[in-house]
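Trainee: I am new to this structure and would like a close look at one part of it. Please pick a place where helices pack together, and tell me about the surroundings as you go.

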Amino acid sequence: MKRVIISIIALSILFGNIYAKTENDSTKNENTKTSKTTKAKFNHWSIAANVGFGMLDGDRATKMHQIIPQAGVDLAVGASVEYMINPVWGFYLQYNYLPYRAEKVKVVDGLAHEATVNGTINLLNLFHGCRRSGKWNLYFNFGAGASFYKARVSDVTGGNVAESEVGYDELAYCMTFPLGVSVEYAPLKWLSIYMAADYRIHTEDDFDGLFNEIGNMFPDNIGNLGIGVRWLIGGQNANRPHVKTMTLCEVNPRMGGKDNDDRLDELEKRVAALENKINDEITPAIDTLNSVVFAKDSDGDGVPDSRDRHPNTPDGAFVNYYGEPFTADQISKMMGGLDGKDGKDGVSYFPSIYFDHNSTFLTNYSNSIIADVARRLFNDESLTLTITGYCDYTGTEGYNEGLSNRRAQTVKDVLVNKYGISANRINTVGKGRTKGPKDSFMPNRRCDFEFNKK
C-alpha cells in the first residue's frame, strides 16, 4: 500500500512540475503589463453528476490465472463539485455510491460510499495549450479520501456466513486513492458531457468479506466506468467565459494563440509592405544613383555619357550641366574680369557665389568674394552694382522667385551694413528658378555681380 501512496504523490509532483515549467517558460522576459484578455475575469466552478458501472477486484472476485475479474457489474452513481484554477489545473470534491458483488463459492453483495478530494490535470492544455478550441479535453484525475463500506456474505442457499470482521450490515471504513482519466466535450458554453474511468485503490482487503492470506499487500479495489453531465456555472456569460472550455492561450495570450497569430499577421503585412516599397521606390532609386555615380564618362569632363551633349570635350575645358563647353565671355563672367577691368561692353564681372539647396547662408569663400566686391566699389565711386540671384529648378516658381530675391538682398545687406557701401549704388534682381536641368544643380544656386559706370 505504501508503494501505491508513494506512486500517487510522485505523479502529482511530476505533473505539477511540468505545469510550473510551462507557466515559467511562457512568462519569461514578459513585461509586467498584461493584455485585456489576461485581465478579464473567468468563471471557475462547475457541478457534475454521473452514472455508470462498478466492478469489484477482490479475493472472491478474481482468479489468479484470469485477466478479467470474476465479478458482477452493478449500477453506480456519483456527483462532484469542481473548481478549475486555470485551463490546466483544478480540483474537485466527489461522492460515489458504489454497489458491488462477486461470487466464488460464496456470494458477496456489498456497498461502498466514498468521498474524495481530487486533483485534475487537462493533458491537452498542458501539452498543447494553444489549440484552436477548448471544447474537447482529456483529463488525468487523482485523489484521496475515505471509503465506508459493508458486505453481506452468503452461501448459495442464501444463509449468512460470518468469515471476517465484516459481517452482515456491519460498517467498516478505510482510505481510498482513485486514479483515472476522463474525456469531456462541451457542446455549449455552459454544459459539457464526459466519460470517465477510474480505478479506486483501497487500504483494506475485506470488501468481499475475506482476507487474503498474504494480508493487505493485495487489497480489494473497485473499477468504475461511467458517463456524466456537467453544469459550467456562469459559462453562458459571454463577458466571463468558463476556463474549462478555454485553451491556455485564450486565458494568457502572451503564451501564443490568437494574440501572437495577430501579431505575426501584422508583422507579415509590414514585411510585405516594406518589400513592395523596396521594389517600387528604393531599388529604382539605387539603380538611378548607380547609373549616375558609376556612369561612363568617355571624355572625362565630369558629365556622364547619358547626359553629355558634347562627348568629345577637350581636356581641362569648363562645361555646363550637359557637357557643353563655356565660351570665353561666359568664363570671364563667372571668374570675373581680368584685374577688375571692364569688358568689351563696358561691364565687368566678379566670380559668382554659390548657395546650398534652399539656403541664403554665406560661406567663408562667398564672404571673401563679397569683400573684394566692396573693395572695388570703395576704390571707384563711379561704379554701381547689380546683384542677380538665381535658384535651381526644384520647387515652385513663386517660392524660387522669393528665394532668389532673398539671396541677392542678403549679399546687399552685408555690403551696406558691414562695409558701408551706399544702398543707392546697389541694385538687386531675383531671377527665380533657372531653366535647364530639372534637379538640384548647384551652379544655378548663385548670385552674380555686375559692375556698371554711372
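Mentor: Happy to, and let me begin with the whole chain: among its contacts (heavy atoms within 4.5 Å) between residues at least 6 apart in sequence, 66% join residues at least 24 apart. This is a predicted model, in which local features need pLDDT of at least 70 and side-chain atom pairs count only at pLDDT 80 or more, while totals for chains, interfaces and linings use all residues. Residues are numbered from 1 along each chain as its sequence is written, and side-chain values use heavy atoms, leaving out hydrogens and water.

The protein chain has 8 helices and 12 strands. Both are DSSP runs numbered from the N terminus: helices are H or I over at least four residues, and strands are E over at least two. Of the 454 residues in the protein chain, 40% are buried. Here buried means under 20% relative accessible area, exposed means over 50%, and partly exposed is in between, using a 1.4 Å probe and protein chains only.

Now to the part you asked for. Two packed helices are described by the angle between their axes and the distance between the axes. Our pair is helix α7, residues 364-379, and helix α8, residues 397-417; they pack at an angle of about 55 degrees, and their axes are 10 Å apart. The axes are lines fitted to C-alpha atoms, for helices over the stretch in contact, and the angles run from 0 to 180 degrees between N-to-C directions. That angle is why α7 counts as oblique to α8: under 35 degrees would be roughly parallel, over 145 roughly antiparallel and 65 to 115 roughly perpendicular, with the rest oblique.

The crossing of α7 over α8 is right-handed, the term for a near helix turned clockwise from the far one by less than a right angle, where anticlockwise would be left-handed. On the α7 side, Ile370, Val373 and Ala374 make the contact, and they meet Val411, Val414 and Leu415 of α8. Sorted by type, the residues of this contact are 6 nonpolar, no polar and no charged. In that sorting, Ala, Val, Leu, Ile, Met, Phe, Trp, Tyr, Cys and Pro are nonpolar, Asp, Glu, Lys and Arg are charged, and the others, Gly among them, are polar.

A good residue to follow from here is isoleucine 353, which lies in strand β9. Leaving out residues up to four places away in sequence, isoleucine 353 touches residues including Ile370 and Val411, and those two also belong to the contact between α7 and α8. Others that isoleucine 353 touches are Leu362, Ser366, Ile369, Arg445, Arg446, Cys447 and Phe449. With a relative accessible area of 0%, isoleucine 353 is buried. Its C-alpha atom is 7.3 Å from that of isoleucine 369, although the two residues are 16 apart along the chain.

Between β9 (348-354) and α7 runs a loop, and asparagine 358 sits in that loop. Asparagine 358 has a phi near 55 degrees, a positive value in a residue other than glycine. Asparagine 358 counts as partly exposed because its relative accessibility is 41%.

One of the neighbours of isoleucine 353, Cys447, brings us to the cysteines. Cysteine 447 has a relative accessible area of 0%, so it is buried.

Which cysteines does a disulfide join? Cysteine 130 and cysteine 249 are joined by one, with S to S at 1.8 Å; a disulfide is a pair of cysteine sulfur atoms within 2.5 Å, and by this rule the count is 1. The pair links distant parts of the chain, 119 residues apart: cysteine 130 is in the loop between α3 (123-127) and β5 (136-154), and cysteine 249 is in helix α4 (residues 248-251). Cysteine 130 is partly exposed at 33% relative accessible area, whereas cysteine 249 is buried at 5%. Cysteine 447, by contrast, is in no disulfide, and the nearest cysteine sulfur, that of cysteine 391, is 8.8 Å away.

To find the part again on your screen, start at isoleucine 353 in β9, pass asparagine 358 in the loop, and look for Ile370, Val373 and Ala374 of α7 against Val411, Val414 and Leu415 of α8.
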